[in-house]
Structure formats: structure tokens, C-alpha cells
Amino acid sequence: MIFLKNTSKTKKIINSITKKKSDYWSLEQRKLSLRLFHLASRYVPAYKKFLKSKKINPSLIRSWRDFKKIPFINKKNYLRRNLLNELCWEGHLNKPLIFTSTSGSTGEPFYFPRNNQLDWQYSIILEQFLKNYNNIKNSNFPVLVIVAFGMGVWIGGLITYKALELAAYRLNFPLSIITPGINKQEIFKALKNLARFYRQVILIGYPPFIKDVIDDAQAEGIDLKKLNLRLIFAAETFSEDFRDYLVSKAGLKNRFLDTMNIYGTADIGAMAFETPLSILIRSLAVKNKALFNDIFGAINKTPTLAQYNPLFIGFESENGDIILTGNNVIPLIRYKVGDHGGAYSFSELIEILRRYDIDIFYEAKKAGIAYTLNELPFVFVFERDDFSTTLYGLQVYPETIREVLLENPFNNYLTGKFTMLTKFDKKQNQYLEINIELKRSIESIPYHLKNRLLKRLVQNLQEKNAEYRELSNFLKERAFPKIVFWPYEHPEFFKPGIKQKWVKK
């Protein structure tokens, strides 16, 4: 939510990330959120109209308690009800802008304008990722970054390219960038022909797509373990088992330093980011159910746990909904982005860990990441309810299926991608169908392995979903999913180059 020129603030921002304490960030978030509200109430026509319709007098919003009473905005009640220019500062588009689109996975696409402030903010996140590794080595050596996000109307590819470029020039860092996007053959060509000239390679993309690249690399004659590989992801949460699979398969040196998942959106860019500390805390939580429930609640999914910079964005949570406040061409005040999760200050989360006798500073020292720690606040986010399907009224989430497909020996035959949907048989009985993608060059899997996979899927559903366990006790085999195997990149469910649709309505 910075309002001053980016270039003059960069060094101060970077230093403050590591030096400021938890209480400072809480105060900054509140102060900047209130300031943004008052500016938007004066200079954004659509927001002025929205507040008037809700009978909100901006002059009476003076404290954080007042701010928390401001009505939410979202796409339905605000963005889609106003003309695009009226949503922007001073009610016009007469300024340099870049447009990106939402995916449209939950409705019609919305086109968000942005300026270079979001690129700059993301560049600071990427700068920290670069420094986490190079602080150990005490030297800069040439790094190749392969951006494997789509380079079209979506935000991931273009904002990542621009942010990397800004970070490299600002640091005078020997970073080379190539942008093959979702063209796998061009990615493999870069890994074969360019990577050998670099001491480190960073591969950036959508998690299932990056897994495809890593799984297929050996067949392409590429030894990933020689490349000193690091990975950056965005657009989707994943499990620690998924992270461990890629760390092992690609020969990553350090799971905490060499991987990072970005929590971002077309609405307002890269909002939060995994740090070595957040990965460590999440790893400890998934091994301790009581701790997990204390941090994330009693859910059957593993949220992404990330830190964020309150100078750029603010997070709240109410009734399990993520609420953000941030500034760009379209300022967003108490905006429901559509994700579920929660937020903690640094001290709040550390206190939860202490109740379980976990000294996170000692754990960080053991993991070799103590020098990366900061006291930025945390946000956690998990899959939306509309990213699930129903079976006899209960919710079935993709993660329960995903983690089974990563297990041995299934991962030798399957890519890990699937699409699930609810269907009806001739007698109009509901059943769950899971369409699963085979790996390249795999035509089928042995019959005994199909049965073993079905048993593991049912077992995991029963263990992770109490409602499913009760349903299967009642319906027996009628509650079992139907599994359909598809060839690699079959266009029915696994068309290459697009986001994997885990659920089809």
C-alpha cells in the first residue's frame, strides 16, 4: 500500500523486512489501511457511491475498530456493478496501464488494470528468494530463470518476467531470463542447451505443470540433479508430500531455501509468499494433528502458509473468509477475494507454537535457515468450496485424491493430475468419477495396481473425511469412486497448456 515512488523506498523496504518487529507491522497495516480507505472514499467514484449506498460516512471511520465495520466488497457487489473507469483512481483510465484477466474458473473473466507498482512489489519478494541462497554462498554466480507460466492475458507470466527483470537490474545480479511459457519442448531445449552455462537454474510455474516437466526430463535426456535447481510456484496450494516428491525427483539441495509458493491473484498481484520459516512451520504442523488444528482449524486440507508485507497489502479473516486491503489502479478495501483461510501476526503464531513446546528459533537454526527469519505477519489459504464436488451432500476435495496419486508405486505410472466429477448411473444413483492421467509412454497400468489404487483412494477418503467414512459404512461399494484412466495430455480432461481443472461441475 506504499504511496511514494518505488525506487526511493526499495532499500528501506528491504531493510525493514528483516529489522522491524511484529508490533510494528500490525500498526503499519492498520495505519495504511485506514489511509487507503479515506483516499478511496474521496477519489474513487465507484467506492464513493458504494459507501453512500451503505450509509457510511467516511469522516466517522477513525479507528481500526471503525474500519472493521466497513462493509465488504467483492466482484459481485462492487466490481461488476460499476464501470471500469469509475473503479479507478479519479475515475479515468488516462494513464499507462497493463491489463490481465482472471481465469474465469468461477464465472465470467474480469479484466484488472495495473501499473508498475505491483511489478515492483513482486520484485522485492523475488529478491529475497535470490538472497536466501546467495547469502550462504557469499558470491553471485550466473543464474538462469525459466518462466513457465502462460504468457497470455493471465497475470503470472508477464508479472513474473517484469519483476525478475527489476530485481536483477536493481541488484546488478547476473540473472538471465527466458520465457518459454507453457511450451514444454522449449523448456526442455532451454534445460539442454542453456542451463549448462549457469551455476543455478530457477524454474517458475504452475505446480502440476512443473511436476510434468520434472517427471519428463529424464526421458528428454536431462539430468536435473546437475542443474542446481530451485523452484517457484503460484496459483495453487499443494501438500508437503508434493514438495518432498519434487525435491527428491529434481535433486534440490534444501526444501526450505529452494522452493517457494506465491499466493497471488490477478486482482492485485503477488500478495504473500512462502518463506523458509513458513515452510518449516507448516512442515511441523502436518506432523502434529493438534498443532495443525490449532493453527488452521479442523479441516481436511493443507493450506498454503505464507508471510506478507503490510506496506503492500493487509489481510483480515472473518468467518473463514480472506479479506484484503490493497492499493493499485483499482484500490480494494476490505475485499473478499473468494479464498478461505485466516491471518496471524508473527507473535500470535509463535505463541501457538510455544504452547506445543516448539521453539521455532531453535528449529530454524537446526534447519540452517535462521539467517532468513523476519517478523512479517502470516496468512494461510486453502481451496475454495467451489473447488470441490459433492457426493450425497458431502464435500470431496481434490487434495485427498492428489496425495494418494503421489505415493509409490502409483507415481511411476500417473502424472498426479486428475479431474473428478459427480455423475448418476441409469438408476439415478450418485457416484464419484475420477479421471486420471497416465504418464507419457504409459499405455495402461497393471490390473492389480488398479485395485490397489482404488483401495488406497477409499482408505484415504475414509481417514480424511468423516462424512465419507459414514457414507461408505452405509453404502459400502456404492460409495467407492469410479476410476477412468486417460492417455497423457488427452484433450478431454488434460489438454496441455491450460490450468488443470481438478473439479468439473
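**Close-up 1. Arginine 114 pairs up with aspartate 119 in a salt bridge.** In this predicted model, the closest N and O atoms of the two residues sit 3.2 Å apart. Arginine 114 is buried, and so is aspartate 119. If you're hunting for a charged pair tucked away from the probe, here is one: both partners count as buried.

**Close-up 2. Helix 9 holds a salt bridge between lysine 211 and aspartate 215.** Here the side chains meet with an N to O distance of 2.7 Å. The helix itself covers residues 207–217. Lysine 211 and aspartate 215 are four residues apart in helix 9, so about one helical turn separates them. As for accessibility, aspartate 215 and lysine 211 are both buried.

**Close-up 3. Glutamate 363 and lysine 366 meet in a salt bridge in helix 14.** The N to O distance for this pair comes out at 3.6 Å. Helix 14 runs over residues 360–367, and the two partners lie three residues apart in it, which is about one turn of the helix. Lysine 366 has a relative accessible area of 55%, so it counts as exposed, the cut-off being over 50%.

**Close-up 4. Six residues are linked in a network of salt bridges.** On the acidic side, take a look at Glu240, Asp244 and Glu274; on the basic side, at Arg243, Arg255 and Arg282. To put these views in context, a search of the whole structure turns up 33 salt bridges.

Terms used. Residues are numbered from 1 along each chain as its sequence is written. This is a predicted model: local features need pLDDT of at least 70, side-chain atom pairs count only at pLDDT 80 or more; totals for chains, interfaces and linings use all residues. Side-chain values use heavy atoms; hydrogens and water are left out. A salt bridge is a side-chain nitrogen of Lys or Arg within 4 Å of a carboxyl oxygen of Asp or Glu. Buried means under 20% relative accessible area, exposed over 50%, partly exposed in between (1.4 Å probe, protein chains only). Helices (H or I, at least four residues) and strands (E, at least two) are DSSP runs, numbered from the N terminus.
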